[in-house]
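Biologist: I have the sequence and the model open side by side, and I would love some company on the tour. Please take a close look at the loops, and tell me how their residues are set into the rest of the fold.

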Amino acid sequence: MTQSFPPRPAFASWLSTGNSITQQFMAIGGRPDVVSLAGGLPASELYPVEAIAAAQERALTRWGTQILEYGAIEGLPALRAAIAERFSAATGRRFGPENVLLTTGAMQGLDLVGKALVDPGELILSQFPTYLGALDAWRPRMPRYERLDWSLQAPGHDAALRQAKFVYAVPNYSNPTGVLVPQDERAALLDKVEAAGTWLLEDDPYLPLQFDGPAGPSILAHHGQRHPSGAYAGPVIYLGTLSKSLAPGLRVGWVVAEASLIATLALAKQSTDIASSLLTQAIALEMIESDFEAQHIPKIVETYRERRDALCAAATTHLSDWFEWEVPPGGMFVWMRAKDEAIDTDALYAHALAENVAFVPSSVFDPTGALKSAMRVNFTRSPPEVLVEGVRRLERAVRRLLAE
Ligand code: PMP
């Protein structure tokens with residue numbers, strides 16, 4: 001085969017299109033004529049601009065040039081300790097700074113876990129449909145996938161668990177489905193993971209967004225309750241972030257895991273970005289220590305609950321002839337499944353754009369691209385009246401598709 005010039009970047013061949021799907025949805029979200037129900041973005045009017053400015057001022061006074069250095073790969077020690085303390089309190093197990101790696105968002109945690117753990121052809125057992133960003137992060141590692149069955153009853157599931165390099169799960173208000181996994185299913189999965197001797201990657205960005213009562217303990221907390229003594233050692237690799245409780249642009253996230261794995265992930269991180277920004281970590285520390293984050297979350301929850309309800313009510317009026325869904329008890333998305341398999345949401349998408357509304361078709365949340373009959377609809381980015389208009393436009397798009 002002759003080489004084309006300039007040579008095609010290897011990374012581009014891992015993407016299904018020249019442009020990543022995420023980039024396409026971000027671009028559509030920026031068009032004022034389009035109601036975008038596609039993105040996974042928070043409400044920007046709730047970003048605490050003044051509080052972040054004040055926290056930055058305090059951080060620079062407190063740390064001076066120290067937070068303008070590259071800093072330790074693992075992150076600002078005081079923030080690692082604060083995150084560790086949060087997990088000790090929530091899990092009953094002892095977590096120290098050595099159990100925490102600060103990352104450039106939870107997204108980097110996904111990337112580092114792939115980089116550190118997965119060789120080409122290895123198996124990842126994942127909840128499906130699942131987060132597109134995780135699939136994108138792991139694509140260069142060329143893994144195989146099998147579906148995580150939360151009932152644990154699927155034929156061959158135990159064998160898959162034993163073979164898997166890790167299990168990937170988003171138990172709280174998953175992206176894209178909004179599902180909250182019940183506590184007994186979390187405990188049963190942990191049993192199986194412990195028996196199989198594999199890792200369990202628990203990705204928890206939506207933890208702060210609990211609209212209808214508490215989400216209950218994480219799988220990491222279940223593990224802590226079972227093995228309460230000593231420093232944390234176990235199969236759970238937990239990812240958290242400040243993207244939903246403060247602002248995604250801070251790019252502050254964390255991995256919590258046993259210390260030896262944190263050391264491995266830190267090595268992987270060094271060759272990625274040397275270290276995450278200490279400046280934003282120091283801002284985050286101020287906002288956690290002053291309790292600002294905890295006080296801010298209820299405002300976000302109240303706004304999003306109202307938006308979820310407005311979207312679901314409009315969908316009942318305009319879309320329920322063709323779609324069904326569960327009202328999500330938290331998170332950012334409603335997962336709408338076509339009642340009739342003949343509704344292909346890839347085809348619907350073109351009509352939606354013609355009506356100036358966007359959503360994310362289900363095919364992108366599945367590594368085989370085969371899931372064509374559902375769509376992810378976001379309710380956090382726009383006020384209720386815009387969401388209602390978006391749903392009206394979606395109805396028109398469905399009618400166009402069916403009239404074809
Ligand atoms: N995991 C999931 C399931 C997500 O939906 C997202 C995006 N919100 C991330 C990880 C990445 O989050 P962050 O902004 O912390 O990188």
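Modeller: Happy to! The loops are placed by the elements on either side of them, so one term comes before the rest: helices (H or I, at least four residues) and strands (E, at least two) are DSSP runs, numbered from the N terminus. Please keep in mind that this is a predicted model.

Let me set the scene before going into the loops. The protein has 14 helices and 13 strands. Its radius of gyration is 21 Å, close to the 22 Å that the globule rule gives for 404 residues, so the protein is as compact as a globular protein of that length. Along the principal axes, the C-alpha atoms fill a box of roughly 65 × 55 × 50 Å. Of the 404 residues, 46% are buried. If we take the contacts between residues at least 6 apart in sequence, 76% of them join residues at least 24 apart. An unreviewed UniProt entry carries the annotation "domain: Aminotransferase class I/classII large" for residues 34-392. Over that stretch the chain is 42% helix and 14% strand, with its end C-alpha atoms 13 Å apart.

Now to the loops, starting with cis peptide bonds. Pro-129 sits in the loop between strand E3 (123-126) and helix H6 (132-138). The peptide bond leading into Pro-129 from Phe-128 is cis, with omega near -5°. Another cis bond joins Asn-175 and Pro-176, where omega is about 20°. Asn-175 belongs to the loop between strand E5 (166-169) and helix H8 (183-196), and Pro-176 is likewise placed between E5 and H8.

Asn-175 is a good place to linger. Burial asks for 20 or more other C-beta atoms within 10 Å, and Asn-175 has 24 C-beta neighbours inside 10 Å, so it counts as buried. Beyond the neighbours within four places in sequence, Asn-175 is in contact with Gly-40, Tyr-131, Val-170 and Phe-333. Its C-alpha atom is 8.6 Å from that of Arg-376, a residue 201 places away along the chain.

Those partners take us to a sheet. Strand E10 covers residues 333-338, and strand E13 covers residues 374-378. E10 and E13 run antiparallel and are joined by 5 bridges; one pair sets Phe-333 against Asn-378 in E13. The sheet is an open one of 4 strands, in the order E9-E10-E13-E12, with antiparallel pairing. Its edges are strand E9 (323-324) and strand E12 (360-361), each pairing on one side only. E9 and E10 are joined by 2 bridges, with Glu-324 opposite Arg-337 in E10. As for E10, 5 of its 6 residues are buried, so this strand is largely enclosed by the rest of the structure.

Next, the loop between strand E7 (236-241) and strand E8 (253-256), where we find Leu-246. Leu-246 has 28 other C-beta atoms within 10 Å and is therefore buried. Outside the four places on either side in sequence, its contacts are Pro-48, Met-287, Glu-293 and His-296. Arg-251 lies between E7 and E8 as well. Although Arg-251 is not a glycine, its phi is positive, at about 55°. Arg-251 is buried too, because 20 other C-beta atoms lie within 10 Å.

For another positive phi in a residue other than glycine, look at Leu-152, where the angle is near 65°. Leu-152 is in the loop between strand E4 (144-147) and helix H7 (157-163). With 14 other C-beta atoms within 10 Å, Leu-152 is partly exposed.

Following E8 leads on to strand E2 (residues 100-103). E2 and E8 pair in the antiparallel sense over 4 bridges, and Val-100 has Val-256 of E8 as its bridge partner. E2 is covered on both faces: Val-100 and Leu-102 on one side, and Leu-101 and Thr-103 on the other, are all buried.

The ligand makes a good last stop. Of the 14 residues around it, Gly-105, Ala-106, Met-107, Thr-241 and Ser-243 come nearest. Helix H5 (residues 105-117) gives the most to this shell, with 3 residues. By type, the shell residues are 6 nonpolar, 7 polar and 1 charged.

Conventions
Residues are numbered from 1 along each chain as its sequence is written. This is a predicted model: local features need pLDDT of at least 70, side-chain atom pairs count only at pLDDT 80 or more; totals for chains, interfaces and linings use all residues. The radius of gyration is taken over C-alpha atoms; the globule rule is 2.2 Å times the number of residues to the power 0.38. A residue is buried if 20 or more other C-beta atoms lie within 10 Å of its own, exposed if 12 or fewer, and partly exposed in between; C-beta atoms are placed from the backbone. Two residues are in contact if their C-beta atoms, placed from the backbone, lie within 7 Å. A residue is near a molecule or strand if its C-beta atom, placed from the backbone, lies within 6 Å of it. Ala, Val, Leu, Ile, Met, Phe, Trp, Tyr, Cys and Pro count as nonpolar, Asp, Glu, Lys and Arg as charged, and the others, Gly among them, as polar. Two strands pair if DSSP finds at least two bridges between them. UniProt positions are given in the numbering used here, feature names are shortened, and annotations may be inferred rather than shown by experiment.
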